[in-house]
Structure formats: C-alpha cells, structure tokens
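Reader: I have a sequence and a model on the screen and would like to go through the ligand site and the aromatic side chains around it. Please keep the answers short.

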Amino acid sequence: MDDGSKKRVFSGVQPTGKVTLGNYLGAIKNWTPLQEQYECLFCVVDLHSLTVTQVPAELRKNTMDLVALYIACGLDPNKSALFIQSHVHEHAELAWILDTIAYVGELNRMTQFKDKSRKHADNINMGLMNYPVLMASDILLYNADLIPVGKDQVQHVELTRDLAQRFNARYSDTFVVPEALLNKAGQSIKSLQDPTAKMSKSDPNDNAIISLTDDADTIRRKLRRAVTDSDTCVRHGADKPAISNLLNVYSLCSGLSIADAEKIFEGKGYGVFKDAVADAVISVVSPIQEEQKRLLADKAYLEGVLKQGAEQAESIARKTLSKVYRKVGLIPRIR
Ligand code: TRP
C-alpha cells in the first residue's frame with residue numbers, strides 16, 4: 001500500500017450478528033474496486049461491538065468469520081490492510097483524547113445513540129454514547145480522506161469532521177478532515193418484510209433479512225415469503241417499494257439493469273420473479289460462502305493476514321498518536 005500519493009480510505013464493520021446481503025451489496029462489495037485506486041484500510045471493529053452485550057465466545061467467532069468474509073468478498077490483503085481494531089491499541093487511546101474535545105450535548109443528539117438507547121434500554125452504557133468518538137478515532141488515526149459508509153453513518157462522519165476541525169483549531173493543523181463516500185446502488189437494500197426499513201442485521205425477524213450464511217433453501221424460502229405490492233406487475237417505482245427492492249437485489253446480483261429485468265419479467269407474476277431473484281442471490285452468495293469456509297479452515301493464513309494488517313495499520317497509527325500526545329502537552333516517555 002503506502003506510496004503516499006494516493007488518497008486513503010478507511011472503513012469498518014462490527015463483528016456482531018449476521019452480515020446481511022444488504023451489508024454486502026451496500027458496503028463490502030463496493031469496497032473491492034476502491035483497492036485499485038486508493039490506499040485502503042478495512043477494519044473489523046470489535047471494540048465497537050462491546051457497546052451492546054456480547055457473548056465472548058460468539059464475539060471471537062464472529063470476528064474471525066468477518067475477517068474471512070472480507071477476503072472471500074474480494075478484499076485483498078496484498079492491496080489493503082485488513083485488521084482487527086483491538087489489535088492496534090492506538091484506537092482506544094486516541095478516542096480518549098477526542099473524548100476531551102467532544103461535547104456531551106452533541107453525542108446525546110446522535111440519532112444512532114438515541115435509537116440504540118431505545119432498543120437497549122437496560123444497557124445504556126457510556127460506550128454506547130462514546131461509540132461515535134471511537135469511530136472518529138478509527139478514521140482520524142489514519143488521516144483517512146474517504147470513508148465509505150451507508151447513509152445511517154453519515155452523521156458519525158460529520159461528527160468526525162467536527163472533531164478534526166475542533167482539534168486542528170485548538171492545537172494546530174493535525175488531522176485530515178475526512179469525507180463520507182456514499183455507496184450508490186446498493187445502499188438501500190430494504191427489509192424483505194418491510195420495504196420502508198433498511199435490511200438490518202439487528203432485525204429480530206429473521207425472515208426480513210438474507211444473511212450471507214443462509215443456505216440456498218433458506219434464501220429461496222425467505223424470498224418466497226417476502227412481502228409484495230398490491231398489483232402483480234414486476235415494475236420499479238415509488239408506489240412499489242417491495243418489488244422495487246427485489247428488483248434492486250436482482251439487478252445487483254445478476255448484473256442486469258432494472259429496465260432489462262422489468263422486460264424479462266413482464267407478464268410473469270411474482271412467483272416466477274421471486275424464484276429468479278433467489279437464483280441470482282444464491283449465485284452470488286454461495287461462492288462467497290465456500291471461499292469463507294475454506295479460509296476459516298486455514299487459520300495460519302488468516303493469522304498471517306491479521307498480523308500483517310495490524311503492523312501496517314500500527315505504523316501509521318503510532319505516528320498520529322504520538323503527534324497528538326505531543327500537541328496536547330503530554331510528555332513523551334523516555335526509552
Ligand atoms: N459505525 C459503523 C457501522 O456501524 C462501523 C464503523 C466503526 C466504521 N468505525 C468506523 C465505519 C470507521 C467507517 C469508518 O457501520
């Protein structure tokens with residue numbers, strides 16, 4: 001990676017729950033081409049997932065599953081740094097410094113904090129409130145220019161920009177002020193049961209999501225049960241949110257345009273269409289699953305990837321953090 005001239009990209013996914021087809025089509029799939037153009041770091045943000053209650057053994061498994069999934073989806077450890085957030089301790093340390101310039105009021109206003117506080121009313125911990133500051137730390141530590149995220153994370157990138165500017169104004173120019181890179185087509189894959197809601201891995205209704213771990217029969221069954229719209233015509237449009245969503249999925253998985261898909265399914269009815277969507281999804285998901293499985297069986301390889309990724313990330317992170325410590329007035333340790 002690192003020849004210094006390319007713009008830098010940073011993104012991450014939490015190792016919680018099941019990665020959905022929405023996460024894949026909306027995020028990870030769009031990251032692979034970025035590797036050709038930018039210096040990329042892709043992180044499994046395990047510290048973030050501790051903000052909701054985790055079963056330790058499951059967190060461990062989910063973390064390695066996600067690392068393998070990154071690679072199975074086309075992230076290439078020879079082109080990008082792939083690493084686990086907690087392996088680079090600077091993330092937590094910079095978060096502390098950023099905490100001292102982040103205001104309680106602005107964190108209290110974050111939409112995701114309010115949503116999660118409602119959802120996890122029995123566990124509104126400080127980490128949940130601090131979540132966006134740790135995310136800002138992830139980004140600013142690498143002076144990343146571009147942050148590919150879904151719409152729901154734009155507010156956090158805005159906060160990151162505010163914190164970068166605030167720090168720069170107070171302590172002199174230090175951080176690059178990053179920009180969100182919104183994914184286009186896939187960003188709004190919706191729930192199969194409610195096309196007004198995003199397909200979310202925390203959805204309690206398993207029929208609403210296609211998980212990247214679902215087998216072919218499950219995928220077909222969930223698509224057959226997907227809600228539809230009133231008439232029987234396979235058409236994209238604002239008045240047809242459910243079928244539009246399935247058409248988006250079909251188009252992204254088959255590579256055909258929406259217009260071509262509408263032509264193919266003209267007069268065919270929803271049953272035939274849903275089966276074709278299932279075929280298209282399965283043709284995308286099953287090779288990824290096979291590759292993920294193969295990778296998970298090769299622990300030594302994955303550990304090698306993670307070692308290299310953490311070293312690449314750390315060499316950048318260390319420089320940023322020591323600069324920050326110096327600027328705020330901390331005395332460097334004598335060695
Ligand atoms: N909050 C992001 C999400 O839930 C995950 C994340 C953590 C992230 N740190 C990040 C994304 C830094 C981009 C950059 O999707």
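Reader: How many Å separate a nitrogen atom of the ligand from an N or O atom in the side chain of Gln153?

Author: This is a predicted model, in which local features need pLDDT of at least 70, side-chain atom pairs count only at pLDDT 80 or more, and totals for chains, interfaces and linings use all residues. Residues are numbered from 1 along each chain as its sequence is written, and side-chain values use heavy atoms, with hydrogens and water left out. For the ligand, a polar contact is a pair of N or O atoms within 3.5 Å. The Gln153 side chain places such an atom from a ligand nitrogen at 2.9 Å.

Reader: What share of the ligand's exposed area does the protein bury?

Author: Accessible areas come from the Shrake-Rupley method with a 1.4 Å probe. Taken alone, the ligand exposes 360 Å². Of that area, the protein buries 88%.

Reader: Which side chain has a polar atom 2.7 Å from a nitrogen atom of the ligand?

Author: The side chain of Tyr131 has an N or O atom 2.6 Å from a ligand nitrogen, so by the 3.5 Å limit that pair is a polar contact. The distance of 2.7 Å belongs to a polar side-chain atom of Asp138.

Reader: Which element supplies the largest share of the shell around the ligand?

Author: The ligand is surrounded by 13 residues, where near means a heavy atom within 4 Å. They divide into seven nonpolar, five polar and one charged. Elements here are DSSP runs, helices (H or I) of at least four residues and strands (E) of at least two, numbered from the N terminus; β1 (8-13), α8 (126-141) and β4 (146-149) each supply at least two shell residues. The largest share, four residues, comes from α8.

Reader: How many residues apart in sequence are the parts that the pair of Phe10 and Tyr142 ties together?

Author: Rings of Phe, Tyr and Trp (its six-membered ring) pair if their centres lie within 6.5 Å, with planes under 30 degrees apart counted as stacked, over 60 as edge-to-face and the rest as tilted. Phe10 and Tyr142 are stacked, at 5.4 Å centre to centre and 10° between the planes. Both residues are buried, meaning under 20% relative accessible area. Phe10 lies in strand β1 and Tyr142 in the loop between α8 and β4, so the distance in sequence is 132 residues.

Reader: Which residues form one aromatic cluster?

Author: The rings of Phe83 and Tyr142 have centres 5.9 Å apart and planes at 65°, so this pair is edge-to-face. Phe83 lies in strand β3 (residues 80-84). The cluster consists of Phe10, Phe83 and Tyr142.

Note on methods:
Polar contact = N/O pair within 3.5 Å; in protein donor to acceptor, adjacent residues only side chain to side chain. Nonpolar A, V, L, I, M, F, W, Y, C, P; charged D, E, K, R; others polar. Buried < 20%, exposed > 50% of the residue type's maximum accessible area, 1.4 Å probe, protein only.
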